[in-house]
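Colleague: Please take a close look at how the charged side chains are placed, and then follow the chain from there towards its interior. I would like one connected account that a first-year student can follow.

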Amino acid sequence: LQRAELTEEEKYEATQYIVDETNRLSAMSRRLLQMAALRGEQATRDPVDVSALMDRVLRTVGPKAVARGVALRREMPPGCVLYGEAPLLESLLVNLADNAVKACEAGGSVALSAHRDGDCVVLRVRDTGRGMDEAALARLGDPFYRSDKARSREQGGAGLGLALCRQIAESHGARLSFTSTLGVGTTAEAIFPAGENDFHAAE
């Protein structure tokens, strides 16, 4: 940029590449730092209104969904409360929802929901995207693993989002579960032990 004679369009393309790579490296650095900070640590236990939590997630991921032509919504009754660290739970859901949006083509949909399953409270992110085979499902959550490497490079993914999600879930005593069918979509679930976590009036 300093030495070459470029058109305005070429300058814009070059600076946009620099911005995109900077954002990608910045996001990867943040995730690595979060993963290092979480290793072996337990999350604090404060009441978190899941309905409000999902609203924040929709505000964060919504613009990307709109840009891709993907419908993003939440489906849940009010009154679900989880005990944990709200910023970490928000990061977990943002990562899951962001991956779900990326998996969809225009006209697809992503739904966030919460429900009781026996003694557990389940946060679910379900998409109608391209889906994965069993080999890809078995590797989900491995640091730096990307089920679609070409698409991940194009969209700036580093393969750290789900690894971070797994650590966030573990720090809350929860576990992640994924089911998927090629050409149909993927469902991601964060399963929390009931205990204080339940459906009741949020404080």
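Modeller: K11 is partly exposed, with a relative accessible area of 33%, whereas E8 counts as exposed at 61% (buried is under 20%, exposed over 50%, partly exposed in between, with a 1.4 Å probe and protein chains only). This is a predicted model, in which local features need pLDDT of at least 70 and side-chain atom pairs pLDDT 80 or more, while totals for chains, interfaces and linings use all residues. Residues are numbered from 1 along each chain as its sequence is written, and side-chain values use heavy atoms, without hydrogens or water.

The side chains of K11 and E8 meet in a salt bridge, 3.7 Å from N to O (the term needs a Lys or Arg side-chain nitrogen within 4 Å of an Asp or Glu carboxyl oxygen). Both residues belong to helix 1, residues 8-38, where they stand 3 residues apart, about one turn of the helix (helices are DSSP runs of H or I with at least four residues, strands runs of E with at least two, numbered from the N terminus). An α-helix has 3.6 residues a turn, so residues three or four places apart point the same way.

Another salt bridge joins R126 to E75, with the closest N and O atoms 3.4 Å apart. Because R126 lies in strand 5 and E75 in strand 2, residues 71-75, this pair ties together parts that are 51 residues apart in sequence. Both ends are partly exposed, R126 at 31% relative accessible area and E75 at 32%.

K102 and D98 also form a salt bridge, at 3.2 Å from N to O, and they are 4 residues apart in helix 3, residues 86-103, which again is about one helical turn. Here, however, both K102 and D98 are buried. Salt bridges with shared partners join K64, D98 and K102 into one network. In the whole structure, a search finds 8 salt bridges.

Helix 3 itself is largely enclosed by the rest of the structure, because 13 of its 18 residues are buried. From first C-alpha to last, helix 3 reaches 26 Å, close to the 26 Å expected at 1.5 Å a residue (1.5 Å times one less than the number of residues).

From helix 3 we can step into the largest nonpolar core, which has 42 residues, with V110 and L123 making the most contacts inside it (such a core joins buried Ala, Val, Leu, Ile, Met, Phe, Trp, Tyr and Cys residues through side-chain atoms within 4.5 Å). Among the elements that each supply at least two residues of this core are helix 2, helix 6, strand 5 and strand 7, and the largest share, 8 residues, comes from helix 3. Leaving aside residues up to four places away in sequence, L123 touches, among others, V50, M54, L82, A188, A190 and F192 (contact means heavy atoms within 4.5 Å).

Strand 7, residues 185-193, is mostly covered, since 8 of its 9 residues are buried. Strand 5, residues 120-127, pairs with strand 7 in the antiparallel sense over 7 bridges (pairing needs at least two DSSP bridges), and V125 has A188 as its bridge partner. Strand 6, residues 175-181, also pairs with strand 7 in the antiparallel sense over 7 bridges, with L176 opposite A190. The hairpin of strand 6 and strand 7 has 3 residues between the strands, and in it G183 takes a positive phi near 80°.
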